[in-house]
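Trainee: Can we go through the salt bridges in this model? Short answers will do.

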Amino acid sequence: MALGPAAGTPSDFSFAVGDWHVRHRRLRERLVGCTEWVEFDGEMSTQPILGGFGNVEDNLLHLPEGPYRAIALRSFNPGNGQWSIWWLDSRQPGQIDVPVVGAFEDGIGTFYADGVLNAAPVRIRFLWYTGDPDHPRWEQAFSADGGVNWETNWRMNFYRARDAATFNDSSTSGPLRGTT
């Protein structure tokens, strides 16, 4: 039995529901001045949960050193209008990341958390660009100085699975759409 959506469900992540091809571009090392980007493909499938007040994103990432699975779990707090996003990685199945928390404004979702990288505190920022719901973009950035300066270290461009020709025609060796 499929349960329908609850009343008043948020639509912020409605764009993400469905199946996607993903083009990833990630810095080889973070917060050490590295300028070498690693590019790889992936797949993602998102479905609503919690009556539409959440969703789960199942990922397969094809890193050059070997593929791995991960999920993003998102839930919406109607009391403060914010989303929380957790990441669970199959390479560390007993560890779920601290959630990034935030909201959407004018087609851009901005989410923050405090974390640790190499035993040092970092500020984490996710940005979701949803102006084109058939080709959204996501970026992750870290700050070692409390958010004064940011290093973008991961970018993803999404292509709906039904648009396989567009995905296959885009080059993994060139810059990602909307990036420099």
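**Salt bridges and exposure**

Mentor: Start with one residue. Arg162 has a relative accessibility of 61%, so Arg162 is exposed. Keep in mind that this is a predicted model.

Trainee: Which residue meets Arg162 in a salt bridge, and at what N to O distance?

Mentor: The partner sits in the loop between strand E8 (120–129) and strand E9 (137–143), while Arg162 sits in the loop between strand E10 (151–160) and helix H1 (164–169), so the pair ties together parts 28 residues apart in sequence. The partner is partly exposed, at 28% relative accessibility. The two side chains meet in a salt bridge, and the answer is Asp134, at 3.1 Å.

Trainee: Which residues do salt bridges with shared partners join into one network?

Mentor: Arg162 and Asp134 form a salt bridge. Shared partners join these two and one other residue into one network: Asp134, Arg162 and Arg160.

Trainee: Is Asp114 buried or exposed?

Mentor: Asp114 pairs with Arg123 in a salt bridge of 3.1 Å, N to O. Arg123 is partly exposed, at 24% relative accessibility. Exposed means over 50%. Asp114 has a relative accessible area of 53%, so Asp114 is exposed.

Trainee: What is the N to O distance between Arg28 and Glu36?

Mentor: Arg28 is partly exposed at 48% relative accessibility. Glu36 is partly exposed too, at 43%. Their side chains meet in a salt bridge, with an N to O distance of 3.0 Å.

Trainee: How many salt bridges does a search of the whole structure find?

Mentor: The pairs discussed include Arg28 with Glu36 and Arg123 with Asp114. Searching the whole structure gives a total of 11.

Conventions
Residues numbered from 1 in each chain as written. Predicted model: local features only at pLDDT ≥ 70, side-chain atom pairs only at ≥ 80, totals over all residues. Heavy atoms only, no water. Salt bridge = Lys/Arg side-chain N within 4 Å of Asp/Glu carboxyl O. Buried < 20%, exposed > 50% of the residue type's maximum accessible area, 1.4 Å probe, protein only. Helix = DSSP H or I, 4+ residues; strand = E, 2+ residues; numbered from the N terminus.
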